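Trainee: I should like to learn how the contacts in a structural model are read. May we work through one together?

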Amino acid sequence: MSLSLQDVQRIAHLARIRVDEAEAAGYQAQLNGIFGLIEEMQAVDTSGVAPMSHAQDLSQRLRADSVSEPDRRAAFQAVAPQVENGLYLVPKVIE
Amino acid sequence: MTDTIKSLAALLAEGKTSSVELCRDYLARIERLNPALNAFVTVDAEKTLREAAAADARRAAGQAGVLTGVPIAHKDIFCAEGWLTTCGSKMLSNFVSPYDAHVIEQFKAAGMPCLGKTNMDEFAMGSSNETSYYGPVRNPWDTDRVPGGSSGGSAAAVAGRLAPAATGTDTGGSIRQPAALTGITGLKPTYGVVSRYGMIAFASSLDQGGPMATTAEDCALLLNVMAGFDPRDSTSLERGKEDYTRDLERPLAGLKIGLPREFFGAGLTGDTARAVEEAINQLKKLGAQTVEVGLPNSKLSVAAYYVLAPAEASSNLSRFDGVRYGYRTPEYKDLNEMYEKTRAEGFGSEVKRRIMIGAYVLSHGYYDAYYLQAQKLRRLIAQDFVEAFKQCDVILGPTAPTTAFKLGEKTADPVEMYLSDIYTIAVNLAGLPGMSLPCGFDAQGLPIGLQLIGDYFAEARMLNVAHQYQLASDWHTRAPTL
């Protein structure tokens, strides 16, 4: 497998990371090197093996549907880039 | 000077020193040595001394715990209220945490003052501490060399005696590999033993916090503080409190040590092979027996890891979008441009590479071939350990294939850097506990690390082996001249 420059740009867009043309060539070489390492996996026959997503076989705990946290909105919004009247500000999305 | 936290706790208990005095000494050493080592991102003497005074007051009131007043440094991946918490990234270079991680809460409850936040590879992605936005950390044994990573700042701080202990996190070897490269003792617990709440996420199914110190006994004392059930981490295990020091004095007679043949192959350099061999002989003298075991699938662990960890990272790091916290690009036309420029400018290149790998292996048409295949290999790798532990109590081998390498030596080729963790990654994939302790020096005077791997929840047994080894050796007492 080998990633093209177009592939790199497509992945960068999926990841929401701007990559200019000069950078894309560098990433292409590095990512192809890393995928070269990863390709070792394909030689192994894993038919019948159950995928392991986690170190412990756990089921998600449930908790009572009750208020457990105090209101700390001001403290949490103090570290936000832009807020107004308790709202996070972002560029307009819906006209 | 090697002051263990155990010896410092004794001095405090006997009234021979105070927490304020101890913290002043360490802060002075940090001030003198940190410019050359760059082990700390943030030091705030006033805050540290306030916490130290509170610890002294607590002792005066007769309410001191075992470690009250003993200072500790925290990896900058742990959110600590009122402290800048950067995770080694420009993305969080302005983030003063509004809350404490569970681990930080535990150390505060124990009355242990924070000496500062330690440098690290950006978002814990790296094996040399060279990906930090705050510049590389230097190895106290040779400042032209790396301390390992990602907990490189914590390792250098403890090795250079800038702190008696520090916290670290380990996703693929990030506690054990830097511990090996700097000649200290570090432990990664069984997955789920230490809460991940407030520990900035890299790969959630692998990340685990743990202690870094000069001795196994200190690691046991620190793990007593760090470990414990926390309902705010959905993967925190509901287990009773354990005393991890309980087996320290147990004799090693009858101990069965598994030696994986795959760890003693061609990749091991002469000095490391020799030092590990000598450690095995020492343990045999203490009554241990060895048995050869096989971990045939461990050779695939690096490949599987570089699918699974980036996949989880690409999801976890999607939260850094310039909206709720951290960096936002100054100029943008619309929301998409804001995201793309914020992330392009806020992340360093290693983080971007891993996010892109993750996005790719999870994307339509590639999921089965990469992500699912890697999860199946993870099962095979974990099963190897289950089989091996039927024949032995602990597994032993080298921590890292080489001693500390030169700054810049492996930065050009990511793949070469990834192979630094060839002996540690399988342990994370299986979710087992592992540790590294010093077992000698190479011809250039650089420390060599011995890795112990325990069965699930066998931290106390692993610490027992390490402590008995340290009673019979003095590698862990050696400190660099600074």
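**Reading contacts and packing**

Mentor: Let us begin with the two chains. In this predicted model, 41 residues of chain A are in contact with 57 residues of chain B.

Trainee: Which helices of chain A each supply at least two residues of the side that touches chain B?

Mentor: They are α1 (5–14), α2 (21–38) and α3 (73–77) of chain A. The greatest contribution to that side comes from α2(A), with seven residues.

Trainee: How do the residues of this side of chain A divide by character?

Mentor: There are 28 nonpolar, seven polar and six charged residues on the side of chain A that touches chain B.

Trainee: Turning to the interior, which residues of the largest nonpolar core touch the most other members?

Mentor: This core has 164 residues, and those with the most contacts to other members are B:I72, B:V158, B:A163, B:A304, B:Y306, B:V307 and B:M356. Helix α9 (residues 301–316) of chain B gives the most to the core, with ten residues.

Trainee: What does B:V158 touch, leaving aside residues up to four places away in sequence?

Mentor: Its partners are B:A163, B:A165, B:A166, B:I184, B:M212, B:A213 and B:T214.

Trainee: How are α9(B) and α11(B) oriented to each other?

Mentor: One considers the angle between the axes. Those of α9(B) and helix α11 (residues 349–361) of chain B come within 7 Å and cross at roughly 95°. Angles of 65 to 115 degrees count as roughly perpendicular, and the two helices, α9(B) and α11(B), are therefore roughly perpendicular to each other. Among the residues making the contact are B:Y306 and B:V307 of α9(B) and B:R354 and B:I355 of α11(B). The residues of this contact comprise nine nonpolar, two polar and one charged.

Notes. Residues numbered from 1 in each chain as written. Chains lettered and ligands numbered in written order. Predicted model: local features only at pLDDT ≥ 70, side-chain atom pairs only at ≥ 80, totals over all residues. Core = buried A, V, L, I, M, F, W, Y, C linked by C-beta atoms within 7 Å. Buried ≥ 20, exposed ≤ 12 C-beta atoms within 10 Å, placed from the backbone. Helix = DSSP H or I, 4+ residues; strand = E, 2+ residues; numbered from the N terminus. Contact = placed C-beta atoms within 7 Å. Axes fitted to C-alpha atoms, helices over the stretch in contact; angles between N-to-C directions. Parallel < 35°, antiparallel > 145°, perpendicular 65-115°, else oblique. Nonpolar A, V, L, I, M, F, W, Y, C, P; charged D, E, K, R; others polar.
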